Amino acid sequence: MNRKIITLFLLAGSFFFASCQKDSDVFVPDPSQINGPDTNWYNTITPTMPVSLLKTNLNSAIPVYTDSFEVNANPAYIITTFGLQCGFPPHCCVTAAGQAITGFVKVELVLVKKKGDMVQLNRPTTSNGRLLISGGEVFIRLKQNGQDVQLAPNAKIQVRFPVDIPIATQMKLFLGDESNPDYFNWLPNTDLVNNTLTITTQNYEIQTNHLRWLNADYFYDTTGITRTTLTATLDPQFTNANTTAYAVFKDFRSVVALTGDIGARKFISGLLPVGKDITIVVISKQGNDYFMDHKLVTTISPSNTPGNQTVLVKPVITTLTDIKAFLGTL
Amino acid sequence: MTNNQRFDEHIKEQFNNYTPDVHPRIWENIAAQRDKKKPAGFWFSILNSRNILLLSALLLAGGSGAWWLIKNSTGNNSTKPVSENTAANKITPAVAVNTNQNTTAPENNAIATPPTVPANTATNTVTGAPESQPGNTSVTVAGPSANTTITNSSSITHVRTRSPFFEQDIQNGPIAYSKKQGRDNNRVKIKTTDGTLDENNNEVTNVNNDVLPVGGTLLSRLLYGTEKMAATRRSAEGPLVPNAFGFLPDCPALEKNAAGNKKYIEFYAGPDFGFRSLKDTGNSAYLQKRKESTKFTSAYSAGVRYTKVFSNGISVRGGVNYSQINEKFTFVQGNLVQVTYIIDANGDTTGSYITTGTRYKTTHNKYRSIDVPLMVGYELGNGRLHANINAGAVVNVYSWQRGEVLDTTYQPVNITTGKGSSPYQFKTNAGIGFMGAVSVYYKLNDKIHVMAEPYYRHNFSQMNKENLTIKQKYNTVGVKVGIRVDLR
């Protein structure tokens, strides 16, 4: 009888316990994917990587002035509200194949004079690793029917934009080199016949046969100046595949991009003059989220550091709007 | 008054209220001996040792009685005078009644056969063989809480007890059931009387075949059934014909009033099985998704109830019942993008990453209810085994649910009672249902029975709110086990 009672209680208990099951909500990742943050550094940055998308998103935030003119026997002039002026000679445009074109041509113009805009556009002021001080960057693009058009042979356009006060008379013309998508470079103008820069009391006046990026810069004189490098140290999830880093000088219009060192897994600048106040800006895109941190540092002589100056940066989650708002203050 | 009559009266007065006690453990010990043998099932419990013995005795007695009756019926059709008191008229006594000894039948409700009490003016010994005497002789037959007197009238010897249940008439010889012409007059007519007299000062009697004797021995009780059967068959058209099993008596009827006029409280619990009904207008694709997403897993119920069984076997019961139906809800969502955030020690989100995969969601839905069953039934049984067939209404007091189901966009939606307001939530009162059950009780002791009760419950209303076209409800079958406590 006791066994019957025990069996009965066990059976009853099994029914009660069977009804006490836990709910579950399980996410099963698809196979063959990293189930965690990507902490890898890559030799080649592809257009699909988060950092490429980050740069695209930041670029799109800069307003582009658009206008058009008719390519004919008459010159054309475009005057913007922000001081940029362009003059186009008659029949100045040909197709990519070199065929003369007529009709209306669309003009896209951008004038960059803010350091924050230079960060957004990823147009640091360095030439072959040397620090430049910029008077302003100009972007000019001509299109017809959605296709880029070129300047006709021997055609030169005029570009004019306001100078800074005081006027830097040592400004030179630099042309933008976009051959390396991961590293934008300014090349000093070597064709002094077709490309000139004139400084007036009010404007920089450029005459050039180049389209796209133009810059009025001069090299920061580093003769006899102690320099150092800056290294931004980040958490492992910030890699060159999803992060960009810049050093923005406070006292003059210079922006230096920190490049990713794959071996060291850090972002390192070129040689920078010591004793300068610099804002290290690190921006990252992971998934659909944006992360940013900025640190104001003063470059220190390398005699006081082990060869370079390390800055610990910890980006936290933010929004694209907040990033743009901060960059506008630089 | 003759000396014998005075003696009879004296004896009668002395043993007027004599009721010797029977030890209360006699039948319990007998039953205990029988219970040592574990029954394999309900049907086996009928064929326990005691019932087998009874059956065997019945077979033997029935065969003997039938043989004797056949022999007598084929031999001599003449009636025997009342005054004769021959051994041939005597039959094996079912109940021995002796006015001197005042033997009584044991006080129990076991199979009892009425004492076949003949009158014997000489010795006043009633041995079951009817030996009627002319004249008005009286013999006191002592039975359990009864005072039986036997008086002989002119041709009919009445054996009357003060028990309200029966009276025997012994007529001129052996026990007989009718006085039809051509029948053997050596029969006992079993009659009942309420003691009223007719105009000739003869007692008004009513033939009652459903009479059970009290007192006497077990064998006499067995013979009673046999004789009754034989007499019945003899009274029918044609001689007594043995059946394929010999001269077996009818199966003893279950005692109706075994649980009569008693009150019980019962505690029970047990597993259930739910049959879900899910309908929608036009057999929509949403209906198919709902059916595929949920599946019955288990159910159980428990409760307490009060049962009153009246003396006629009718029972009423009411109580409180808790039932729970468990259902499994599964939801699979593929091509899902999961974003995981990295949070440092300061609580800052310092990173995130995306993972694609599939979501598997499992929710265990529970449908709970508190009900008040109101049942009417009929209870019957013998000393150890009772059965109660009952049915009635189940009034839902409150219902509440927990879990999730699919909405019309095929997404999970919470149905938990009290958690927000959703049209997919269920009613908190399911209305009235129907329940039918067969309860079987096995007596452990005077107070406790163990119970097993298969049942079926049908709900009339659907569980969903009225604003949905889809209709869902559960009907259940189950087995309740528990204990019954006699409240007397």
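So, Ile343 of chain B: you'll find Ile343(B) in strand β11 of chain B. This is a predicted model, by the way, so keep that in mind throughout. Is Ile343(B) buried or exposed? Its relative accessibility is 53%, so Ile343(B) counts as exposed; the cut-off for that word is over 50%.

Ile343(B) also has company. Together with Ile317(A), Val337(B), Val339(B), Tyr341(B) and Ile354(B), Ile343(B) makes a nonpolar surface patch of about 480 Å². Notice the chain letters there: Ile317 comes from chain A, and the other names I just read out carry a B. Which element gives the most to that patch? That's strand β11 of chain B, residues 314-343, with 4 residues.

Okay, on to where the two chains meet. People often quote the size of an interface as the accessible area lost when the parts come together. Here, the area buried between chain A and chain B comes to about 2700 Å², and carbon and sulfur atoms give 53% of that. In residues, the contact takes 33 from chain A and 32 from chain B.

What about the polar side of things? Between chain A and chain B there are 15 residue pairs in polar contact, counting pairs with both residues at pLDDT 80 or more. The salt bridge count between the chains is 3. If you want one to click on, try Asp25(A) with Lys361(B): their side chains meet in a salt bridge, 3.7 Å from N to O.

Which pieces of chain A do the touching? At least two residues each come from α1 (2-18), β1 (24-29), β23 (289-298) and β25 (316-318) of chain A, on the side that touches chain B. The one that gives the most to that side is β1(A), with 6 residues.

Now chain A by itself. It has 4 helices and 25 strands. Of its 330 residues, buried ones make up 44%. Chain A exposes about 16300 Å², with carbon and sulfur atoms supplying 54% of it. And if you take contacts in chain A between residues at least 6 apart in sequence, 73% of them join residues at least 24 apart.

For a close-up on the inside, go to Asn215(A), in strand β16 of chain A, residues 212-219. Asn215(A) has a relative accessible area of 0%, so it is buried. What does the side chain of Asn215(A) pair with? With the side chain of Ser134(A), in a polar contact of 2.9 Å. Leaving out residues up to four places away in sequence, Asn215(A) touches several others too, including Gly135(A), Lys172(A), Phe174(A) and Trp186(A).

Last bit, the backbone oddities. Most residues other than glycine have a negative phi, and most peptide bonds are trans. In chain A, the peptide bond from Ile165(A) to Pro166(A) is cis, with omega near 0°. Pro166(A) is in the loop between β11 (157-162) and β12 (172-177) of chain A.

Then there are two positive phi values to look at. Ser32(A) has phi near 60°, and Ser32(A) is in the loop between β1 and α2 (50-59) of chain A. Asn122(A) has a phi of about 55°, and Asn122(A) is in the loop between α3 (115-120) and β7 (126-127) of chain A. Where they part ways is cover: Ser32(A) is exposed, because its relative accessible area is 83%, whereas Asn122(A) counts as buried because its relative accessibility is 12%.

Conventions
Residues are numbered from 1 along each chain as its sequence is written. Chains are lettered from A and ligands numbered from 1 in the order in which they are written. This is a predicted model: local features need pLDDT of at least 70, side-chain atom pairs count only at pLDDT 80 or more; totals for chains, interfaces and linings use all residues. Side-chain values use heavy atoms; hydrogens and water are left out. Patches are made of residues with over 30% relative accessible area and no salt bridge: like charges are joined within 9 Å, nonpolar side chains (Val, Leu, Ile, Met, Phe, Trp, Tyr) within 5 Å. Accessible areas come from the Shrake-Rupley method with a 1.4 Å probe; for residues, only the protein chains shown count as cover. A salt bridge is a side-chain nitrogen of Lys or Arg within 4 Å of a carboxyl oxygen of Asp or Glu. Buried means under 20% relative accessible area, exposed over 50%, partly exposed in between (1.4 Å probe, protein chains only). Contact means heavy atoms within 4.5 Å. Buried area is the accessible area (1.4 Å probe) that two parts lose on being put together, summed over both. A polar contact is a pair of N or O atoms within 3.5 Å; within protein, one must be able to donate a hydrogen and the other to accept it, and residues adjacent in sequence count only if both atoms are side-chain atoms.
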